[in-house]
Amino acid sequence: MVLRLIRTFDQAEKNIHQYNADLPNSRILQQRLRTHLVWYYSPRYNELAPSKFIGFIGMNGEKYANAEESIFDGGRTEGVLHNYFDVISNEHELYQKLQHQLFNLLRRYNKSTRSNVRLNIPKQKFLQRIQSGRHNPPWAIDELILALDLYFRLSSLPSDENHPEIVSLSKLLNRLPIHPQSSRQEKFRNPNGVYMKLCNFLRLDPSYRGRGLDAGSKLDEVVWKQYVNNREELSAIVEIIRNEYRKVTRPRPQTSDAIRIDEDEEFPEGRIIERLHRAKERSARAARVKKQQVLAKTGALKCEACTFDFQKFYGDYGVGFAECHHIRHLQELRRKSTIKLEDLSIVCANCHRMLHRIRPWITVQQLHTLLKSRKVL
Ligand SMILES: [Zn+2]
Ligand SMILES: [Zn+2]
């Protein structure tokens with residue numbers, strides 16, 4: 001039988017997965033466990049496998065058992081695997097977790113474990129490919145907010161993803177109405193995914209001395225900057241998401257990614273808070289009464305920020321048209337609180353979007369003052 005060395009990263013990953021599938025049924029794989037010193041990690045499968053197994057195309061337990069032992073001189077396979085993987089130092093934030101995971105694996109089949117192993121993770125570009133959302137949708141702001149909150153609450157990163165807080169966040173993320181069911185893959189926000197996300201934050205944390213995973217997303221950084229010095233707001237948002245998410249319905253699968261990303265950009269608190277806020281604003285009765293009230297009093301529905309009047313500009317098409325903005329208090333997004341008419345303002349669509357976008361939040365009056373100072377009114 002001819003065994004050829006792998007030529008792609010995907011072949012290595014597939015082999016890592018195959019190794020873990022075959023190990024429980026293969027005496028020979030189990031017997032050789034202790035002889036393997038160099039191990040490779042696949043974040044996609046959250047599994048480890050030794051170089052001697054994964055370096056050959058289409059390797060499996062049977063081929064391994066039948067091959068002559070002489071072909072398994074580690075140098076050959078490690079030679080090609082270096083194209084796809086890097087050794088990680090014990091300073092690396094994944095080291096603890098991978099070491100822990102490997103020892104558990106060894107212990108399952110052999111009583112003794114060894115400590116002089118070398119651990120490898122995929123090179124940067126392959127990590128990025130894995131994390132790019134080809135398999136699961138990228139993390140949304142709300143999800144990052146929840147992960148960041150956990151990151152701050154844990155004084156240090158646990159050694160593996162079975163930490164109860166990580167498991168519980170994974171469960172919550174699976175229940176949140178953010179990503180349509182159809183876009184979720186098998187391992188959607190599983191504990192390992194949550195763990196990896198916490199590792200992404202290490203890279204941004206100046207108090208962390210080791211090297212963080214570089215492959216995080218731009219949005220990680222945005223959320224970090226937004227809340228690193230604003231922990232109170234962060235926990236207020238987290239509390240509302242946790243308590244109120246059931247009120248928000250799941251997005252329809254048709255909603256294109258482009259539209260949803262746009263939503264994110266506008267609302268730094270994430271989609272769930274935004275939808276709660278908009279639902280409040282739209283709660284038809286309050287907005288209708290407010291508009292009637294203003295119309296009766298002033299004879300027009302002028303934007304309180306920029307004075308735009310839909311009826312004046314669009315004629316008959318604009319009659320009765322305007323939006324209502326609700327002065328935002330996080331507290332009011334909670335259950336039962338009702339809208340007071342004096343907390344609603346008449347705004348045009350442009351100003352409304354700006355009000356939702358500007359941070360820190362400003363009032364309609366402040367936006368009006370700003371527009372005047374810019375001499376655009
Ligand atoms: Zn306006
Ligand atoms: Zn609004």
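In the predicted model, Asp160 has 17 C-beta neighbours inside 10 Å and therefore counts as partly exposed, since a residue is called buried at 20 or more such neighbours and exposed at 12 or fewer. Asp160 is found in the loop between α8 and α9, and, when residues up to four places away in sequence are left aside, Asp160 touches Lys97, His100 and Gln101. The C-alpha atom of Asp160 is separated by 9.0 Å from that of Leu94, a residue 66 positions away along the chain.

The two helices that flank this loop also pack against each other. The axes of α8 and α9 come within 11 Å and cross at roughly 165°, which makes α8 roughly antiparallel to α9, because angles over 145 degrees are placed in that class. The crossing in which α8 passes α9 is right-handed. On the side of α8 the contact is made by Glu143, Leu146, Ala147 and Leu150, and on the side of α9 by Glu165, Leu169, Leu172 and Leu173. Sorted by class, the contact of α8 with α9 comprises 6 nonpolar and 2 charged residues, with no polar residues.

Helix α8, which covers residues 141-153, also packs with helix α12, which covers residues 231-244, and here the angle is about 120° with the axes 10 Å apart. This angle makes α8 oblique to α12, because the roughly perpendicular class runs from 65 to 115 degrees and the roughly antiparallel class begins over 145. The crossing of α8 past α12 is left-handed. In this contact, Asp142, Ile145, Leu146, Leu148, Asp149 and Phe152 of α8 meet Arg231, Leu234, Ser235, Ile237, Val238 and Ile241 of α12. The residues of the contact of α8 with α12 divide into 8 nonpolar, 1 polar and 3 charged. Leu146 of α8 thus appears in the contact with α12 and is likewise listed in the contact with α9.

Helix α9 (residues 164-175) has a further packing arrangement with helix α10 (residues 191-202), in which the axes come within 8 Å and cross at roughly 110°. The two helices are therefore roughly perpendicular to each other. Ile166, Val167, Leu169 and Ser170 of α9 and Pro191, Val194 and Tyr195 of α10 make the contact, which by class has 6 nonpolar residues, 1 polar residue and no charged residues. Leu169, listed here on the α9 side, is also among the α9 residues that make the contact with α8.

Beyond α10, Asp205 is placed in the loop between α10 and α11, the latter helix covering residues 218-227. With 14 C-beta neighbours inside 10 Å, Asp205 counts as partly exposed. Asp205 and Trp224 are 19 residues apart in sequence, and their C-alpha atoms are 8.8 Å apart in space.

A buried position is found at Pro122, in strand β4, which covers residues 118-122. Pro122 counts as buried because 22 C-beta neighbours lie inside 10 Å, against a cut-off of 20 or more. Apart from residues up to four places away in sequence, Pro122 touches Phe9, Pro43, Tyr84, Phe85 and Leu127. One of these partners, Tyr84, is 38 residues from Pro122 in sequence, with a C-alpha to C-alpha distance of 5.8 Å.

Two further helices were examined for the agreement of their length with their residue count. Helix α1 (residues 9-22) has 14 residues, which at 1.5 Å a residue should span 20 Å, and the 20 Å between its end C-alpha atoms agrees with this expectation. The buried residues of α1 are Gln11, Ala12, Glu13, Asn15, Ile16, Gln18, Tyr19 and Asp22. For helix α14 (residues 271-282), the 12 residues should span 16 Å on the same basis of 1.5 Å a residue, and its end C-alpha atoms are 16 Å apart, which agrees. Within α14, the buried residues are Arg271, Ile272, Ile273, Arg275, Leu276 and Lys280.

Taken as a whole, the protein has 18 helices and 6 strands. Of its 377 residues, 33% count as buried. Among contacts with a separation of 6 or more, 75% are accounted for by residues 24 or more positions apart.

Conventions. Residues numbered from 1 in each chain as written. Chains lettered and ligands numbered in written order. Predicted model: local features only at pLDDT ≥ 70, side-chain atom pairs only at ≥ 80, totals over all residues. Helix = DSSP H or I, 4+ residues; strand = E, 2+ residues; numbered from the N terminus. Contact = placed C-beta atoms within 7 Å. Expected span 1.5 Å × (residues − 1). Axes fitted to C-alpha atoms, helices over the stretch in contact; angles between N-to-C directions. Parallel < 35°, antiparallel > 145°, perpendicular 65-115°, else oblique. Left-handed = near helix turned anticlockwise from the far one by under 90°. Nonpolar A, V, L, I, M, F, W, Y, C, P; charged D, E, K, R; others polar.
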